[in-house]
Amino acid sequence: MLRIHFTDHDLARVRIAAAPDPLWETVLAMQKLALDGIPAFARWRRRVREELRERDARTAVRFLQAIAPPARYFPDFLTPAESAGGLKAGLAALRGTPSDRLGREVGLMAQHHRLPKWIHGLAEGAALDQVAEALKIAHDTLVAPQWTTVRTQVDTDRALRSRLAGESGTFGLLDSLRPAFRWEAPILTARYPIDRDLHLRGRGIRLVPSYFCWDTPVALADDDLPPVVVFPVSHEHEPAPLPKHLATLLGRTRAAVLYAVAGCPSSGELADRLGISAAAVSRHTTVLRDAGLITSRRHRAVVLHNLTPVGSALLG
């Protein structure tokens, strides 16, 4: 059982991650790849296993699974806080992990499972570049092709939490984390592989909604690091893969824009989800709007998009 102890200062410093964290998603996706009993990931797993026939990707995933095996301890340096700023920033921070921290976390790994001999080189930082490169390959193979769905589901969860925080304050936000958590002030409780108390001590906490987290939340193992807890988002109403007839009719990118508009995003969110420029988003949404498939509404500096009934019918 995990028990997170809040003070009054902590309640004022609860934060929700603004977007999916690429390194958390990569590590958790790599672990889910080895677990066959989760129906929500079955289609994704089938596709990924086909792509892992490519040698570099298969080697990278096996390399990382030695460091972060499924359902076991993995070192905190794999998921630095800087990853909130994107994959590039996260990998740069990982490469700069201090040697004393590496030694401490490699020692913890050895307490939880047998390690290949090469892992002990991590304690001197000798393999950090190799770890970073393997994470980049694993992200590109496991997570990037799924990123639109990941971003949509996480954005939907974040919007819900933010609305509840606005309506009911921090207590309402923490209570909304059921069923993964149970909030009984001043303690937030969750099922966990070990019995653990995490005292926030006025530092607050960053809550990270995650697509590839499943069933139980995950917390950083080191209590002295800024507290972070990753929790699973719902997979209900998850969008199906982009229908082929839409890609044929509209072109793949424009069809993907229409599909993503179902989540009522802003132009900036569309660009982030689909990995295209702001100019491309503007061009595609203009065509879709002129065709009567979407509507757009400006609120200050933000343009929000929504489907029309015709657009909804086309998506089915």
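Let's start with Phe171. Its relative accessible area is 45%, so Phe171 is partly exposed. Keep in mind that this is a predicted model.

Now its partner, Trp183. Is Trp183 buried or exposed? Relative accessibility is 8%, under the 20% limit, so Trp183 counts as buried.

On to the first topic proper: aromatic pairs. The count comes to nine. One of them joins Phe41 and Tyr211. The centres are 6.0 Å apart, the planes sit at 75°, and the pair is edge-to-face. This pair links distant parts of the chain, 170 residues apart. Phe41 lies in the loop between α2 and α3. Tyr211 lies in the loop between β6 and β7. Both Phe41 and Tyr211 are buried.

Back to Phe171 and Trp183. Why is their pair edge-to-face? The planes meet at 65°, and over 60 counts as edge-to-face. The ring centres are 5.5 Å apart. Phe171 belongs to helix α8, residues 147-175, and Trp183 to strand β3, residues 181-184. The two are 12 residues apart.

There is also a cluster. Ring pairs link Phe41, Trp44, Tyr211, Phe212 and Trp214.

Last, helix α7, residues 128-143. What span should its 16 residues have? At 1.5 Å a residue, 22 Å is expected. The end C-alpha atoms are 21 Å apart, which agrees. The buried residues of α7 include Leu128, Val131, Leu135, His139 and Val143. What do the buried residues of α7 pack against? The answer is α2, α3, α4, α5, α6 and α8. Recall that α8 is the helix that holds Phe171.

Note on methods:
Residues are numbered from 1 along each chain as its sequence is written. This is a predicted model: local features need pLDDT of at least 70, side-chain atom pairs count only at pLDDT 80 or more; totals for chains, interfaces and linings use all residues. Side-chain values use heavy atoms; hydrogens and water are left out. Rings of Phe, Tyr and Trp (its six-membered ring) pair if their centres lie within 6.5 Å; planes under 30 degrees apart count as stacked, over 60 as edge-to-face and the rest as tilted. Helices (H or I, at least four residues) and strands (E, at least two) are DSSP runs, numbered from the N terminus. Buried means under 20% relative accessible area, exposed over 50%, partly exposed in between (1.4 Å probe, protein chains only). The expected span of a helix is 1.5 Å times one less than its number of residues. Contact means heavy atoms within 4.5 Å.
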